[in-house]
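Here is a friendly walk through one model, meant to be read with the viewer open. Rotate as you go, and follow the residue names from place to place.

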Amino acid sequence: MSWWDTGDDDDEPDFDESSIRARPNRKGNRPRTKTRPEHNDAETARVLAVDRGRYTVLLDEGTKTERRITASRASELRKHAVVNGDRVRVVGDLSGDEGSLARIVRIVPRTTLLRRSADDTDEVERVIVANADQMLVVVAAADPEPRERLVDRYLIAALDAGIRPILCITKTDLADPTDFLHNFAGLDLQVFTSSTERMPLAEITAALIDHDTVFVGHSGVGKSTLVNALVPSAQRATGHVNAVTGRGRHTSSSTVSYRIEGDGGTGWVIDTPGVRSFGLGHIDPANILRAFSDLAEVAERCPRGCTHLPDSPDCAIAEAVEAGELGDTGAARLDSLQRLLATFMKPTQY
């Protein structure tokens, strides 16, 4: 028998887990784990406002137990922005009592996402609002002068996100907006006009019921005034237009959601700060064409790489318009499409 077959291993020491040496945790707490809890007891809430790392969210929306609570973002979401309009899953103290704090642990998949970039060359997107299905673009007929290129950019961002745009022209007592509105004649765009003597609140309210509508507009166009008229409890600060520069002063510094009530039910108004630029570095131009469903169908006959711009050879859309295939509005719709595509493809000063 060989020495290794003797079966006598009494000289080998016995080992167990207590023999393993481990480096002590300096902080005296449990070691971190990558395993995250399921949070099966989390409840769904709507984000109404964001302020320095604290989120105002609405729980049990539309029920007798509806309440607003304050929440923070869980550490596992630190790389994910939580924005106004988000539906989130929350845990912790959900009482809504003063001093209570819940925790956001999940973001419910979004239906839409409205974004902008710092400029047209910046592909880093800034998320404005989530889950909106309408955008109300507010522009003044005068004071400040309307900027069609900025409105075009709002429309492009809305169409890219799958959001229905609406247009509201304020201060029509100062100037006739007819010429300005000709720029959008080819779009399926609902338009409201407003003046100091008549603000069509009932008509606008009816268009907002059962929708989440994000309000956008240049500073000084009267957006906050309109929000306050539609939702008196909002009490958004209003400003004035500088007589020298023609620019409005930023009065709304944060994005906030307000519930609007009408004869047909309720909806949500999401008011955003006024902006003077709206970069489109993140936009997919194919989404602009898809918004013109009748033109997109014809565009399938276009040659590969067709830009659909006036200088594009053998563009099937242009040929269809010339042949009268697209009816009386075909030319106006093609003009609107080309202007939006040109605004996106060639950054301009506006």
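Helix α3 is followed by Asp210, whose phi is positive, near 70 degrees. This model is predicted, so the angle, like every value below, is computed from predicted coordinates. Asp210 has company in this respect. Phi of Asp143 is near 55 degrees, a positive value in a residue other than glycine, and Lys171, likewise not a glycine, has a positive phi of about 60 degrees. As background, most residues other than glycine have a negative phi, and most peptide bonds are trans.

Where do these residues sit? Asp143 has its place in the loop between β8 and α1, while Lys171 lies in the loop between β9 and α2 (178-181). Asp143 deserves a second look. The peptide bond from Asp143 to Pro144 is cis, with omega near 5 degrees, and Pro144 is also placed in the loop between β8 and α1. Is Asp143 buried or exposed? The answer is in between: Asp143 is partly exposed, with a relative accessible area of 40%.

**Two helices and their surroundings**

Back to α3 itself. Ile204, Thr205, Ala207 and Leu208 are the residues to pick out here, being buried in α3. These residues cover an arc of only 160 degrees around the axis, which puts them on the same side of α3. On the face turned away from that buried side, α3 carries the exposed residues Ala202 and Ala206.

Helix α4 (residues 223-230) can be looked at in the same spirit. Why can α4 be called largely enclosed by the rest of the structure? Because 6 of its 8 residues are buried. Those buried residues of α4 are Lys223, Ser224, Leu226, Val227, Asn228 and Leu230. Their cover includes α3 (201-208), together with the strands β8 (134-140), β9 (164-170), β11 (212-217), β12 (256-262) and β13 (265-271).

**Strand partners of β5**

Strand β5 (residues 102-107) is joined to β3 (residues 67-73) by 3 bridges, and these two strands run parallel. In that pairing, Ser72 stands opposite Arg103 in β5. Strand β4 (residues 87-92) is joined to β5 by 5 bridges, and here the strands run antiparallel. Gly92 has Ala102 in β5 as its bridge partner. In a regular strand the side chains alternate between the two faces of the sheet.

**Nonpolar cores and an aromatic pair**

The largest nonpolar core has 50 residues, of which Met135 and Ile317 touch the most other members. Helix α1 (residues 148-161) gives the most to this core, with 9 residues. A second, separate core of 20 residues includes Ile166, Ala207, Ala234 and Tyr258. Ala207 is thus a name to recall from α3, where it is one of the buried residues.

Which residues surround Ile317? Setting aside residues up to four places away in sequence, Ile317 touches Leu289, Leu295, Val298, Ala299, Cys302, His308, Leu326, Leu334 and Leu337.

How many aromatic pairs does the structure hold? It holds 1. The partners are Phe180 and Phe184, in an edge-to-face arrangement, at 5.2 Å centre to centre and with 65 degrees between the planes. Both Phe180 and Phe184 are buried.

**Cysteines and a buried loop serine**

The count of disulfides comes to 0. For Cys306, the closest cysteine sulfur is in Cys315, 3.9 Å away from its own sulfur and therefore too far for a bond. Ser312 lies in the loop between α6 (293-299) and α7 (316-322). Leaving aside neighbours within four places in sequence, Ser312 is in contact with Cys306 and Thr307.

The accessible areas of Ser312 and two cysteines are set out here.

| Residue | State | Relative accessible area |
|---|---|---|
| Cys168 | buried | 0% |
| Ser312 | buried | 14% |
| Cys306 | buried | 15% |

So Ser312 and Cys306 can be viewed together: Ser312 is buried, Cys306 is buried, and the two are in contact.

Technical notes: Residues numbered from 1 in each chain as written. Predicted model: local features only at pLDDT ≥ 70, side-chain atom pairs only at ≥ 80, totals over all residues. Heavy atoms only, no water. Buried < 20%, exposed > 50% of the residue type's maximum accessible area, 1.4 Å probe, protein only. Helix = DSSP H or I, 4+ residues; strand = E, 2+ residues; numbered from the N terminus. Contact = heavy atoms within 4.5 Å. Pairing = 2+ DSSP bridges. Disulfide = S-S within 2.5 Å. Core = buried A, V, L, I, M, F, W, Y, C linked by side-chain atoms within 4.5 Å. Phe/Tyr/Trp six-rings, centres within 6.5 Å; stacked < 30°, edge-to-face > 60°. Arc of directions from axis to C-beta.
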